[in-house]
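Thank you for coming. Please have the structure open in your viewer while I talk, and rotate it as we go.

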Amino acid sequence: MTVELWILVICAILSLIFPFFYNWHYGQQVGAKGLMGNRETLPERRGAAIRGLRAHRNLLENLVPFAIVVLVARFTGISNFVTVFGAVLFLVARLVHAITYCAGIETAGIRSIAYFAGVIATLCVASQLLHFVN
């Protein structure tokens, strides 16, 4: 299995772990019994609970295009320095984004930089697919 696929698996596992983080924080706000119900009458999430939910949604929105380009690259047999670099950059960027978002760190736009680094990482992998077309 290629490095790119391993990183895709790690990102998928990260997306499965996220709900435990933000639901634990939400449980601190509303109690365990509140989480076991249908949650229709519960108050809005706040603090780390809402930031974690937003970070998770952002990860999922960015994971779909990344997964597509990684899987197409694998299907076409493309794996090189650029695709590996893009995959590693994506993982690091998404981890930085998640940590800074969940922790509420807003220093110097770190979260925004991490977001755009993840987008650029996906484009790095996608750029290698253009070589397959030619």
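I will go through confidence first, then the overall layout, the helix packing, the core, and two residue pairs.

Let me start with the caveat that this is a predicted model, and that its confidence averages a pLDDT of 90 over the protein, with 98% of the residues scoring at least 70. Where in the protein is confidence lowest, and where is it highest? The lowest mean, 71, belongs to helix H2, residues 32-36, while the highest, 95, belongs to helix H4, residues 81-103. As a general caution, coordinates predicted with low pLDDT should not be read in detail.

As for the overall layout, the secondary structure consists of five helices and zero strands, so that, starting at the N terminus, the order of elements reads α-α-α-α-α. The C-alpha trace extends over about 55 × 35 × 20 Å along its principal axes, and of the 134 residues in the protein, 40% count as buried.

Now to the packing. Two packed helices are described by the angle between their axes and by the distance between those axes, and I will take three pairs in that way.

For the pair formed by helix H1, residues 3-30, and helix H3, residues 48-75, the packing angle is about 165 degrees and the axes are 9 Å apart. Because an angle over 145 degrees counts as roughly antiparallel, H1 is roughly antiparallel to H3. Their crossing is left-handed, and the contact of H1 with H3, sorted by class, has 22 nonpolar, five polar and two charged residues.

Moving on to H3 and H4, we again find an angle of about 165 degrees, here with the axes 8 Å apart, and these two helices are therefore roughly antiparallel to each other. The crossing in which H3 passes H4, however, is right-handed.

That leaves H1 and H4, which pack at an angle of about 15 degrees with their axes 9 Å apart. Are H1 and H4 roughly parallel or roughly antiparallel? They are roughly parallel, since an angle under 35 degrees counts as such, and the crossing of H1 and H4 is left-handed.

Let me turn to the interior. In soluble globular proteins, nonpolar side chains tend to be buried together. Here the largest nonpolar core has 17 residues, and the members that touch the most others are Leu 8 and Phe 66. Two or more residues of this core are supplied by each of H1, H3, H4 and helix H5, which covers 110-133. Which helix gives the largest share? That is H3, with six residues.

Phe 66 also takes part in the first of my two residue pairs, together with Ala 126, which lies in helix H5. Ala 126 and Phe 66 are 60 residues apart in sequence, yet their C-alpha atoms are 8.5 Å apart in space. Ala 126 has a relative accessibility of 22% and therefore counts as partly exposed, given that buried would require a value under 20%.

The second pair involves Val 3, a residue of helix H1, and Val 84: the two are 81 residues apart along the chain, and 6.3 Å separates their C-alpha atoms. Val 3, at 40% relative accessibility, counts as partly exposed.

To close, I would come back to the confidence values, and in particular to H2, with its mean of 71, before we go to discussion.

Note on methods: Residues numbered from 1 in each chain as written. Predicted model: local features only at pLDDT ≥ 70, side-chain atom pairs only at ≥ 80, totals over all residues. Heavy atoms only, no water. pLDDT = per-residue confidence, 0-100. Helix = DSSP H or I, 4+ residues; strand = E, 2+ residues; numbered from the N terminus. Axes fitted to C-alpha atoms, helices over the stretch in contact; angles between N-to-C directions. Parallel < 35°, antiparallel > 145°, perpendicular 65-115°, else oblique. Left-handed = near helix turned anticlockwise from the far one by under 90°. Nonpolar A, V, L, I, M, F, W, Y, C, P; charged D, E, K, R; others polar. Core = buried A, V, L, I, M, F, W, Y, C linked by side-chain atoms within 4.5 Å. Buried < 20%, exposed > 50% of the residue type's maximum accessible area, 1.4 Å probe, protein only.
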